[in-house]
Amino acid sequence: MKEEINAELFDHLVGLAALALSQEEAEYLRRELNNQLAAIHTLESIPLPEGIEPAARGVPYPPERSQPLREDVVEGCEQVAEILAQAPEFEDGYIVVPEIPHEDL
Amino acid sequence: MDYQELSAREIARRVRGGESSAVEVTEALLEHVERVDGAPGSLDFESGQVESGRVHAFITRTPERALDQARRVDEKIAAGEDPGALAGVPFTVKDIFCVEGTPSTAASRILANFIAPYTATPVARMESAGGVMIGKVNLDEFTYGSSSESSAFQPSPRNPWDTDRVPGGSSGGSAAAVAAYEGPLSLGTDTAGSIRQPAAFCGVVGLKPTYGRVSRYGLIAFGSSLDCPGPLSRDVADAALMMNAIAGPDSRDATTAVVDVPDYLQDLEAGVRGLRIGLSPEYFRVTYIDGQTGEPVENPIEKEISRATLEAAELLAGMGAEIVENVPMPHTRFGIPTYFVISRVEAASNLHRYDGVKYGFRAPELHEDLDSMYRRSRAAGFGTQPKLRMLMGMYVSAAQYSEQYYLRALKVRSLIRQDFDSAFDTDGPHRLDALLTPSTPSTAFPVGDVYGNSVLMQYSDQLNVPANHAGTPGLSLPAGLDQDGLPIGIQLLGPDFSEHRLLQIGKAYEMASADHDWRSRRPAALAGS
């Protein structure tokens, strides 16, 4: 079967997805991606009628069914402390992260 | 009293009328769960801890929250206030919904320690109607699967009819819980069949509402243009009761539609006289790509499932429905390939927010910089199936490939929608009120048989996914048992916002088959309870 996603392209995708994979996991995932692409290619056999629009969703949203615009009102949140407490590292009111990659000017 | 045996309607009637207290109902259900469910799913699970014959539906049981809520319902009744239509009705929630103060995990390590600070709208509506959430049930990680086996919280749920088999997925915990009488109602989600397929595998009712009918606020997103919350229940009327609570516009989800919500229980027994119900040959076969050769293979669905579907058509015809044969649905077989593209792009977009910074899992190592922290946290936090979806989403939406893949898939989606528009067109040749199909190509498969083959697994949703692309509603109903004693499901598909009609047809079928032998059979997992 055609290997559409080769090792190099795969590594590029892993970078885009901000992942890091073991060798075994990488092999499994690349094989499954190529298998799924074989299924995806069956879409090429469908003649697309002239002027067919891409559908971002199935159900139409005419204005009468859409929610009316509302006032842009600030609503307070009472659980600020609980939400911040979920940060993996939190100190003196700040969420702490490791060194942010940068270049010294 | 064995309150677990009662329907949601009967429990609400008794609690509202003061015959039973919400607390005693809740206690009885919690005890029943204790008897049949076994250990809840856990990140630290070791194989060998699977308890034979147990359902393992739950990730988190919430007995204290449930009893607090039950006491509030009882207090309202004592004070002469209306406790709501779901008064005292125990229910479970697929752990893909945020519920304030509970772990809301999406069955993923990356959210295992996340405690939701707010409650999803459909759950909030059920609770404000007096419903009592008894716990959060297992699913495929981030809903990515059709067997519930990909959960990071093991053991994954088992099929109550045969605990060596999967309950389906991704709402497998919901379907298993309802089938094992662990609450008459469960809130699930359906992105490509994730309510209907497990409902069919477990012999329960599952309704995927029209996209926009039920709010997604508080639902941890997968495919934002496809996801639909909806009910799983033991019978049609209980699904109608639950829809009364959860349906309707929500200012917190701009994609909910401003369309009147009917009383789904009213006229539920209106019957099917004069309704046009279609059968389509495309729904009696599956076409999939062989993983080894890459060639398309076409197979009929299992004979017993076809037969059950055709028998249902005969029963409905006997009640006055007009059966319309040979309705063309030519793009059915492209539903899965289209889904392989659209859902992956949406998944990749939705999963990028999990970064180990604001909440959720952060890899414990000392990180040299932010970038390596992201990578290690996502690598260790996500299981294989989310990674697979992200990578595909990245590929098919990349600038140089998106026209070939993503744009084409969106256009095929329009064609799938046109199949439905044409079948239901009131001026068209078919003028259907509903399409009757099998729910699944097979009955429940053994644990471990399909897991790992991501293509074959996805194809178990082939008869469900077109309605997700189209946004239209679908109802799966139990329709018998196969020769191995496994449940068979049939599906009713209708036009936008036709849930009421689908439930009426489902009720008619239920009444017409009320005396069938299989209806008196019970899941094996209940044997010792």
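## Helix α15 against the sheet

Contact here means heavy atoms within 4.5 Å. In this predicted model, helix α15 of chain B (residues 499-512) lies across five strands of chain B: β5 (205-208), β7 (276-278), β11 (434-438), β12 (474-481) and β13 (487-493). Relative to β12(B), the helix runs at about 10°.

## The sheet of chain B

The strands that α15(B) crosses belong to an open sheet of eleven strands in chain B. The strand order is β1-β3-β2-β4-β6-β5-β12-β13-β11-β7-β10, and the pairing is mixed. The edges are occupied by β1 (58-61) and β10 (322-324) of chain B; each has a single partner strand, so one side of each is left without a neighbour in the sheet. On average, neighbouring strands of this sheet are turned by 30° against each other, direction ignored.

At the β1 edge, β1(B) pairs with strand β3 of chain B (residues 132-137) in the antiparallel sense, over three bridges. Within this pairing, B:Arg61 has B:Gly135 of β3(B) as its bridge partner.

## Helix packing within chain B

Helix α15(B) also packs against helix α7 of chain B (residues 236-246), at an angle of about 160° and with the axes 9 Å apart. Angles over 145 degrees count as roughly antiparallel, and α7(B) and α15(B) are therefore roughly antiparallel to each other. The crossing of α7(B) past α15(B) is left-handed. From α7(B), the contact draws on B:Val236, B:Ala239, B:Ala240 and B:Met243, while α15(B) supplies B:Glu499, B:Leu503, B:Gly506, B:Lys507 and B:Glu510. The residues of this contact of α7(B) with α15(B) comprise five nonpolar, one polar and three charged.

A second helix pair in chain B is formed by α9 (residues 335-351) and α12 (residues 403-424), which pack at an angle of about 125° with their axes 9 Å apart. This angle makes α9(B) oblique to α12(B). The passage of α9(B) over α12(B) is a left-handed crossing. On the α9(B) side, B:Gly335, B:Thr338, B:Val341, B:Ile342 and B:Val345 take part; they meet B:Tyr405, B:Tyr406, B:Ala409, B:Leu410, B:Val412, B:Arg413 and B:Ile416 of α12(B). Nine residues of the contact of α9(B) with α12(B) are nonpolar, two are polar and one is charged.

## Contacts between chains A and B

Helix α2 of chain A (residues 23-40) packs against helix α11 of chain B (residues 384-397) at an angle of about 55°, with the axes 10 Å apart. The helices α2(A) and α11(B) are therefore oblique to each other, and their crossing is right-handed. In α2(A), the residues in contact are A:Glu25, A:Tyr28, A:Leu29, A:Glu32, A:Leu33, A:Gln36, A:Leu37 and A:Ile40; their counterparts in α11(B) are B:Thr384, B:Gln385, B:Lys387, B:Leu388, B:Leu391, B:Met392 and B:Tyr395. Classified by residue type, the contact of α2(A) with α11(B) has nine nonpolar, three polar and three charged members.

Over all chains, the structure holds 31 salt bridges. One of them links the side chains of B:Arg362 and A:Glu89, with an N to O distance of 3.2 Å. B:Arg362 lies in the loop between α9 and α10 (370-381) of chain B, and A:Glu89 in the loop between α3 (80-84) and β1 (90-91) of chain A, so the pair joins two chains.

Note on methods. Residues are numbered from 1 along each chain as its sequence is written. Chains are lettered from A and ligands numbered from 1 in the order in which they are written. This is a predicted model: local features need pLDDT of at least 70, side-chain atom pairs count only at pLDDT 80 or more; totals for chains, interfaces and linings use all residues. Side-chain values use heavy atoms; hydrogens and water are left out. Two strands pair if DSSP finds at least two bridges between them. Helices (H or I, at least four residues) and strands (E, at least two) are DSSP runs, numbered from the N terminus. Axes are lines fitted to C-alpha atoms, for helices over the stretch in contact, and angles run from 0 to 180 degrees between N-to-C directions. Angles under 35 degrees count as roughly parallel, over 145 as roughly antiparallel, 65 to 115 as roughly perpendicular and the rest as oblique. A crossing is left-handed if the near helix is turned anticlockwise from the far one by less than a right angle, and right-handed if clockwise. Ala, Val, Leu, Ile, Met, Phe, Trp, Tyr, Cys and Pro count as nonpolar, Asp, Glu, Lys and Arg as charged, and the others, Gly among them, as polar. A salt bridge is a side-chain nitrogen of Lys or Arg within 4 Å of a carboxyl oxygen of Asp or Glu.
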